[in-house]
Amino acid sequence: GSYLAYDAVGVVEDELRVTLGVDAARFAGLYSIYALPNILWPVAAGAITDRYGSSMTSLVYLVACALGAVLVAASAIIALPNTSYLLAMLGRLLFGLGAEASYVSQNSAVL
């Protein structure tokens with residue numbers, strides 16, 4: 001599911017760097033913002049999934065994931081240098097939180 005959207009920014013790196021007005025280091029931040037919160041978030045997501053059930057939490061997490069992907073796409077359409085980058089960062093953060101938490105809740109449903 002989310003693997004394509006996760007790596008899609010890497011495929012269009014050159015275009016996004018020009019559109020967002022960022023250098024390679026700031027572009028790499030789009031991957032970091034996805035990964036850093038997920039050091040601890042999956043543990044909390046597991047507790048939330050245990051409390052509210054995997055069906056409900058999977059839906060919420062996947063909506064967050066989709067909204068994050070939409071924000072990243074919107075950042076490229078808006079094309080305002082600083083605003084677009086911040087919107088892309090927010091989108092990647094939301095996408096990462098939703099995607100990683102959805103793995104936890106989906107595994108809970110299967111196991």
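A24 is partly exposed, because its relative accessible area is 41%, a value between the 20% under which a residue is buried and the 50% over which a residue is exposed. The model in which I describe this residue is a predicted one. A24 belongs to helix α3. Its C-alpha atom lies 9.3 Å from that of D14, and ten residues of sequence separate the two.

Helix α3 covers residues 24–35, and F27 is also found there. Is F27 buried or exposed? With a relative accessibility of 3%, F27 counts as buried. Which residues does F27 touch, once neighbours within four places in sequence are left aside? The contacts are V9, G10, E13, L16, R17 and V22. Two of these partners, V9 and G10, fall within the range of helix α1, residues 3–11. In the other direction along the sequence, I48 is 21 residues from F27, and their C-alpha atoms are 32 Å apart.

Let me turn to helix α1 itself. A8 is located in this helix, which comprises residues 3–11. The relative accessible area of A8 is 33%, so this residue is classed as partly exposed. Between the C-alpha atoms of A8 and G46 there is a separation of 27 Å, with their positions 38 residues apart along the chain.

I now move to the chain as a whole. How many helices and strands does the protein chain have? There are six helices and zero strands, and the order from the N terminus is accordingly α-α-α-α-α-α. The C-alpha trace spans about 45 × 20 × 20 Å along its principal axes. For 111 residues, a compact globule would be expected to have a radius of gyration near 13 Å; the protein chain has 15 Å, which agrees.

As to burial and surface, 33% of the 111 residues count as buried. The accessible surface of the chain amounts to about 6300 Å², and carbon and sulfur atoms contribute 71% of that area. Regarding contacts between residues with a separation of 6 or more, 71% are accounted for by residues 24 or more positions apart. The chain carries 4 positive and 7 negative charges, and the mean positions of the two sets are 9 Å apart.

The next element is helix α5, residues 54–78. Why does its length agree with expectation? At 1.5 Å a residue, its 25 residues should span 36 Å, and the end C-alpha atoms are 35 Å apart, which agrees. The buried residues of α5 are S54, T57, S58, Y61, A64, C65, G68, L71, V72 and S75. Just after this helix, A79 adopts a positive phi of about 55°.

L62 also has its place in α5. With a relative accessible area of 39%, L62 is partly exposed. Which residues does L62 touch, not counting those up to four places away in sequence? They are S102 and Q106. As for D50, twelve residues from L62 along the chain, the distance between the two C-alpha atoms is 17 Å.

The contact with S102 leads to helix α6, residues 81–110, where S102 lies. S102 has a relative accessibility of 2% and therefore counts as buried. Beyond its neighbours within four places in sequence, S102 is in contact with Y61 and L62. Of these partners, Y61 is among the buried residues of α5, whereas L62 is partly exposed.

To close, I return to two pairs of residues. In helix α3, F27 is buried, while A24 is partly exposed. Across the contact between S102 and L62, S102 is buried at 2% relative accessibility and L62 is partly exposed at 39%.

Methods. Residues are numbered from 1 along each chain as its sequence is written. This is a predicted model: local features need pLDDT of at least 70, side-chain atom pairs count only at pLDDT 80 or more; totals for chains, interfaces and linings use all residues. Side-chain values use heavy atoms; hydrogens and water are left out. Helices (H or I, at least four residues) and strands (E, at least two) are DSSP runs, numbered from the N terminus. The radius of gyration is taken over C-alpha atoms; the globule rule is 2.2 Å times the number of residues to the power 0.38. Buried means under 20% relative accessible area, exposed over 50%, partly exposed in between (1.4 Å probe, protein chains only). Contact means heavy atoms within 4.5 Å. Accessible areas come from the Shrake-Rupley method with a 1.4 Å probe; for residues, only the protein chains shown count as cover. Lys and Arg count as positive and Asp and Glu as negative; His and the chain ends are not counted. The place of a charge is taken as NZ of Lys, CZ of Arg, CG of Asp or CD of Glu. The expected span of a helix is 1.5 Å times one less than its number of residues.
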